Amino acid sequence: MTEETLTKADEGKRVLNADGTEVGLLVDVHDNRGYVEPDPGITVTIKAKLGWATKSEDAHPLDEGSIQSITDDAVYLRGTLTH
C-alpha cells in the first residue's frame with residue numbers, strides 16, 4: 001500500500017479516478033486533507049495553481065486513504081469519486 005500525503009504543493013493538480021476519468025481539481029490542502037472542486041472554472045484553476053484557491057460548498061473532501069498515487073501533474077484515486 002502506498003503512503004501518499006497531500007501537501008500545499010499539490011494544489012492545482014487534476015484529480016483522476018482509478019479508471020483515469022478526470023473528476024476535478026485539487027483546490028485546497030489543509031492538515032493532509034485535500035478538497036476537490038468538481039467543475040472548476042478558469043479563475044479557480046488559475047488560483048489553485050498559484051495556491052490562492054479556496055474550497056467552495058461543492059468541494060469534495062479527499063483523505064490520504066483514497067489516494068493511489070501523486071504525480072507531478074495529477075492525483076490518482078484508488079477508487080471512484082463521483083460528482
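Partly exposed residues are those whose relative accessible area falls between the buried class, under 20%, and the exposed class, over 50%. In this predicted model, R14 has 31% relative accessibility and therefore counts as partly exposed. That makes R14 a convenient place to begin a tour of the charged pairs.

R14 meets D73 in a salt bridge, with the closest N and O atoms 4.0 Å apart. R14 belongs to strand β1 (residues 14-16) and D73 to the loop between β5 and β6, so this pair ties together parts that are 59 residues apart in sequence. Like its partner, D73 belongs to the intermediate class: its relative accessible area is 45%, so D73 is partly exposed. Salt bridges with shared partners also join K8, E11 and D28 into one network. Within that network, the side chains of E11 and K8 come together at 2.9 Å, N to O. E11 has a relative accessibility of 7% and so counts as buried. A further salt bridge links D10 to K13, where the closest N and O atoms are 2.7 Å apart; here D10 and K13 are both buried. The model has five salt bridges in total.

The loop that carries D73 leads on to the strands at either side of it. Strand β5 (residues 67-70) and strand β6 (residues 74-77) run antiparallel and are joined by three bridges. One residue pair that can be picked out here is S69 with Y76, its bridge partner in β6. The two strands make a hairpin, with three residues between them.

Attention turns next to strand β3 and the loop that leads into it. N32 sits in the loop between β2 (22-30) and β3, and its relative accessible area of 36% makes N32 partly exposed. Leaving aside residues up to four places away in sequence, N32 touches T5, L6, L62 and E64. For one of these, E64, the C-alpha atom lies 7.1 Å from that of N32, although the two residues are 32 apart in sequence.

E37, in strand β3 (residues 33-37), has a relative accessibility of 9%, under the 20% limit, and so counts as buried. What does the side chain of E37 meet in a polar contact? The partner is the side chain of S56, at 2.7 Å. S56 is also among the residues that E37 touches beyond four places in sequence, a list completed by V23, G24, L25, V27, V44, K55, D58 and A59.

Helix α1 offers a view of the surface. I46 has its place in this helix, which spans residues 42-50, and is partly exposed, with a relative accessible area of 47%. Together with I42, L50 and W52, I46 forms a nonpolar surface patch, and the four residues have about 490 Å² of accessible area together. T43 also lies in helix α1; with a relative accessible area of 48%, T43 is partly exposed. The C-alpha atoms of T43 and A53 are separated by 8.9 Å, and the two residues are ten apart along the chain.

Note on methods
Residues are numbered from 1 along each chain as its sequence is written. This is a predicted model: local features need pLDDT of at least 70, side-chain atom pairs count only at pLDDT 80 or more; totals for chains, interfaces and linings use all residues. Side-chain values use heavy atoms; hydrogens and water are left out. Helices (H or I, at least four residues) and strands (E, at least two) are DSSP runs, numbered from the N terminus. Buried means under 20% relative accessible area, exposed over 50%, partly exposed in between (1.4 Å probe, protein chains only). A polar contact is a pair of N or O atoms within 3.5 Å; within protein, one must be able to donate a hydrogen and the other to accept it, and residues adjacent in sequence count only if both atoms are side-chain atoms. Contact means heavy atoms within 4.5 Å. Two strands pair if DSSP finds at least two bridges between them. Patches are made of residues with over 30% relative accessible area and no salt bridge: like charges are joined within 9 Å, nonpolar side chains (Val, Leu, Ile, Met, Phe, Trp, Tyr) within 5 Å. Accessible areas come from the Shrake-Rupley method with a 1.4 Å probe; for residues, only the protein chains shown count as cover.
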